[in-house]
Every structure is written in C-alpha cells, then in structure tokens.
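Please look over the sequence and the coordinates before reading on. The paragraphs that follow lead from one covalent link outward to the rest of the fold.

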Amino acid sequence: TGLSEKLLDCVEASRCANEKGLSIRECLQSREHLDEECKSLLTAFYDCRRGQIDRRARIKGNRGY
C-alpha cells in the first residue's frame, strides 16, 4: 500500500489537482497534466497490480525488480 499512497500524494500535489482543479480520479484518467514523477509511479503501480494477477509473476516476482 506504500506505492498507492505515494501515488495519491503525488497526484494531490500535482498541477492537475491544484491548478486545474480536477479530482484525483480525473487526473489519473486523463494523465495529460500529471508530472513525470506521478506518471512513473502510476506505471509502477500498474506493473505491481498486473504482477498480482499474473500467476507466473506471483511465484517468481515482478520482472525488473
């Protein structure tokens, strides 16, 4: 859950939520106004979630980590 909390904190602090006034969900769906750090956290979060579903990754672990 540490990665998801970091992602939410990053999106809350991004210019998408602050300057544009969009919700966190809208920022994550559009991804246009997210900072690069938030985009990399989002990619890592998706890879982690995909690894939880993939049976091979559940045994061997996520690739590249």
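**Disulfides, core and fold**

About the S-S bond of Cys10 and Cys38 the torsion is about -100 degrees, so this disulfide is left-handed. Cys10 belongs to helix 1 and Cys38 to helix 4 (residues 36-53), so the pair ties together parts of the chain that are 28 residues apart in sequence. The model is a predicted one, and in it the S to S distance between Cys10 and Cys38 is 1.9 Å. Both ends of this link are covered, since Cys10 is buried and Cys38 is buried as well.

How many disulfides does the structure hold? There are two, and the other one is formed by Cys16 and Cys27, with sulfur atoms 2.1 Å apart. Here the link runs from Cys16 in helix 2 to Cys27 in helix 3 (residues 24-30), distant parts of the chain that are 11 residues apart. The torsion about the S-S bond of Cys16 and Cys27 is about -100 degrees, so this disulfide is left-handed. Cys16 counts as buried because its relative accessibility is 0%, and Cys27 counts as buried because its relative accessibility is 0%. When the bonded cysteines are counted along the chain, the disulfides follow the pattern 1-4, 2-3. A further cysteine, Cys48, has a relative accessibility of 29% and therefore counts as partly exposed, being above the 20% under which a residue is called buried.

The cysteines lead on to the interior of the model. In soluble globular proteins, nonpolar side chains tend to be buried together. The largest nonpolar core in this model has 11 residues in all, and among them are Cys10, Cys16, Cys27 and Cys38, together with Leu7, Val11, Ala17, Leu28, Leu34, Leu41 and Leu42. Helix 1, helix 2, helix 3 and helix 4 are the elements that give two or more residues to this core. Leu7 offers a useful view of the packing: once residues up to four places away in sequence are set aside, Leu7 touches Leu28, Cys38, Leu41, Leu42 and Phe45.

A polar residue can be followed in a similar way. Ser14 is located in the loop between helix 1 and helix 2 (15-18), and because its relative accessibility is 0%, Ser14 counts as buried. Which backbone oxygen does the side chain of Ser14 reach? The side chain of Ser14 reaches that of Val11, at a distance of 2.7 Å. Apart from neighbours within four places in sequence, Ser14 is in contact with Leu34, Asp35 and Cys38, and the last of these is the disulfide partner of Cys10.

These local details sit within a fold that has five helices and zero strands, so that, in the notation of helices and strands numbered from the N terminus, the protein reads α-α-α-α-α along the sequence. Of its 65 residues, 22% count as buried, while the protein exposes about 5,200 Å², of which carbon and sulfur atoms supply 47%. Among contacts between residues at least 6 apart in sequence, 32% join residues at least 24 apart.

Confidence should be kept in view when any of this is used as a starting point. The mean pLDDT of the protein is 83, with 83% of its residues at 70 or more. Confidence is highest in helix 1 (residues 2-13), at a mean of 92, and lowest in helix 5 (residues 55-60), at a mean of 65.

Note on methods: Residues are numbered from 1 along each chain as its sequence is written. This is a predicted model: local features need pLDDT of at least 70, side-chain atom pairs count only at pLDDT 80 or more; totals for chains, interfaces and linings use all residues. Side-chain values use heavy atoms; hydrogens and water are left out. pLDDT is the predictor's confidence in each residue, from 0 to 100. Helices (H or I, at least four residues) and strands (E, at least two) are DSSP runs, numbered from the N terminus. Buried means under 20% relative accessible area, exposed over 50%, partly exposed in between (1.4 Å probe, protein chains only). Contact means heavy atoms within 4.5 Å. Accessible areas come from the Shrake-Rupley method with a 1.4 Å probe; for residues, only the protein chains shown count as cover. A polar contact is a pair of N or O atoms within 3.5 Å; within protein, one must be able to donate a hydrogen and the other to accept it, and residues adjacent in sequence count only if both atoms are side-chain atoms. A disulfide is a pair of cysteine sulfur atoms within 2.5 Å. A nonpolar core is a set of buried Ala, Val, Leu, Ile, Met, Phe, Trp, Tyr and Cys residues joined through side-chain atoms within 4.5 Å.
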